[in-house]
Amino acid sequence: MSCLSCYTAVEGFIGKKFQSYGGLVASHPWKFIIGYILVMGLFSLGLLNLQKNDDLEQTFTPLNSQAIQDRSTLLGLYKDYSRSHFNSYNKLTYGLYGDVIFKSKDGENILNSTYLSEIESVYRTVLNITCNNTHGSISTYDELCAMSNGTCNIEGNIVLTQEFKTAMSTGNIPYPIFQGSTINTYFGNVEYTNGILQYASSIKLRFNLRTDTPSYFDTSKLWIKEFQEVMKKLEHSSIEIAFAHTYSLEEGLNTNIAGDVLYFSITVTLMLFYAGFAISNKDCLSDRQNLARAAVLGMGLAIVGALGFVSACGVEFVAIVGVMPFLIIGIGLDDMFLLLTGLASTYEEGGSVEPKKKVMMTMRTSGVAITLTSITDLVAFFVGMTSPFLAVRNFCAYTGVAVLFGYLSYVTFYLACITLNEKRVQKGLHIHTCKPLPTPGELEEKGQPYKCLCTGKAPSKRTDVQGSLEKYPPKILSKIVLMKPVQVIVIIIFAAYLGISIWGATNFKEGLDIKNLVSEDSYYFKYLSFDESFTSRGIIVTQFSVAGNVRYSDPETIRKIENLQTLAERDVDTCSNCSINWLNAYRQTSYFDDSTESAFINSLQTQFLPAFPMFTNDISFSDDNTSIKASRFYVFAYDIIESKDEGNFMLRMREVAASSNLPGFSVDFSAHVCHGFMETASEDRKLGACGALIRSGGPIFNGAMSSLIGIIMLAFSKSYVFLSFFKVMILIILLGAAHSLFFLPVVLSLVGPQFKPKKIIVEVEEEEMIMKNKNANGN
């Protein structure tokens, strides 16, 4: 069987099914319109069950990843000691905190008494912040602060001690170690000479909060809200202040997206205007503007219905789903242009064809096309639902269902609207008033502007019903694209484009600048800009945890742990002298007793840990305190700024742990052109390509334009998610349209298949006659 014969047989079979279905809809248009509206309205009730998930870590990290599983295991092994033995390096979550960065104006040295006095003033203000706790009373920071050595753990407050002030006044501040504490993470843009700090432009303070019980966790969150309100109002003349807290990133990202959704109403307005303008022929009888409005209405109902249906299924609404309405309202109109192109083709049979037969003929040709586009989109989104990222998975679920509902709107609601519109045209009714158009004599008698606003004639050919943007783009493109000089230019451009694409793919860089996720006018953007100067941005803490049945008094166990630590410290990014290991510290004291396992544990609990409480968090004892369930030590890496490098470092550390034998742990546009080429089925490749452009050029051009309009408002967004989506989509749309309108026609005209055409006739009358005979015979 030849290529054309196979194509004809398959499409003929499918086309007849769509043709019969079109007759069913055309016979009962109001039932399909009302039914679609009721079903979408019913689905929209699911919005009452809408659940939002604003947790960035949950939504943008792989589900059930090794890191998530390891942390879950560690959270079950180690207690939260933020009430008594807090250390920032042994946190398993972000914790709760408020940060303040002080920066000197004009780049002056912040290490002077004037600046420190202002810093201390703000410091006292923060300490005096109170909030209403979950029990209805007032809680102060002193009650909520994370504790270490009996005092609130405030990172950086060493700069406010009298010892530091004295060292600063004499110009003798040891760096990076001051009185046994590492202070390099508290200063930005430092300059030091021979271990003496000479200059810094900024100072950072972090106010850590308790999280050891649900009650304290919730109250600490309330304190953070008060902290934010107080810091927003603070102003100082000689010093700049930036602040942030645990939820600043989530707050900034979700605030941006919530504001950006307001652009959707503008998008719908633009879409209504363009769609109406594109298909308008300024004839009061054959004009099809109302069909543009019906298409937008149908897609709007599909969006609301999809949001409700997926919400009712328990799928959480994540931030990126806010993009979905823009995408669907844009790509959804592609099907409208395809159906209207098929409808216009029915007028090639003359203007006397009945509305029902026109709908059947339209579905015979265009039903296959819109089904093809919907299937390709559905496959893409349903594959996306298998993503390990919750944000991508949920976005694809909402968008995939919206695509499906959009398709259903066209084959039910919109097809019924086409039927009603064609009946109006057949009866000679005005597009807006639905009243009979006046006769030529009545028009002459009433004059202007009545004559201008009520003129219309019955369409008798394809061009009588098409708008200017439906008729002229394909005609112009079919003439220009198939000129030899233009073909050469197109091939050269696409060859260069292919080369650049290959180069870009091979030089692809991973990474994320957190500043891009929030708007430039937000308080968090200012904080991140200040924070870039601090070396603490490049510090990564790696926890190695040993769990299971391990005898720590056994020299072989000690040797294995030492080897594991040594191997980790040999990594190019780790600091070999910065590790923290309770076992090494224990062995260097007089309390160390490895005579038996019980002696080892008894001395550890009764002598070592009381003397060195900072290690309390690093050892998890069994319920009867006779054995160690798990313990951990820490390796530090510095100067890792890029997120890709952080990921690579994590993978290397995971390999180190594994090496130890210790137990632990859219092809839519191009498809239309190919479909049009096969429909033309010419012996001449050039005529085939020309026919493909004539058939599909209009829908592709207008589909691309409507898709661009659908996402154009995202260009004004403050959200990095929305802006990134806009950039990707605009490239996909433009390149897809360029492939379909330029490159593919050129290729088909040069090397496309040649056919001995067999005229394909849609015999609607014959099919109806057969159906009537079957019914008459009782079949």
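Let's start with the aromatic rings: a search of the whole structure turns up 32 aromatic pairs. Keep in mind as you look around that this is a predicted model. One pair to begin with is Tyr586 and Phe608, whose rings are tilted, with 5.1 Å from centre to centre and 45 degrees between the planes. This pair links distant parts of the chain, since Tyr586 belongs to helix α23 (residues 582–587) and Phe608 to helix α24 (residues 597–611), 22 residues apart.

Are these two residues buried or exposed? Tyr586 has a relative accessible area of 0%, so Tyr586 is buried. Phe608 is buried too, again with a relative accessible area of 0%.

Now turn to Phe592 and Phe600. Their ring centres lie 5.9 Å apart and their planes meet at 85 degrees, which means the pair is edge-to-face; the cut-off for that label is an angle over 60 degrees. Phe592 has 22% relative accessibility, so Phe592 counts as partly exposed, while Phe600, at 0%, counts as buried.

Both pairs can be placed in a wider picture. Tyr586, Phe608, Phe592 and Phe600 belong to one aromatic cluster, together with Tyr552, Trp582, Phe612 and Phe615.

Elsewhere along the chain, you can find rings that meet charges. The charged end of Arg206 sits over the ring of Tyr97, 3.8 Å from the ring centre. Another example is Arg210, whose charged end sits over the ring of Tyr216, 3.6 Å from its centre.

Notes. Residues numbered from 1 in each chain as written. Predicted model: local features only at pLDDT ≥ 70, side-chain atom pairs only at ≥ 80, totals over all residues. Heavy atoms only, no water. Phe/Tyr/Trp six-rings, centres within 6.5 Å; stacked < 30°, edge-to-face > 60°. Helix = DSSP H or I, 4+ residues; strand = E, 2+ residues; numbered from the N terminus. Buried < 20%, exposed > 50% of the residue type's maximum accessible area, 1.4 Å probe, protein only. Lys NZ or Arg CZ within 6 Å of the ring centre and 35° of its normal.
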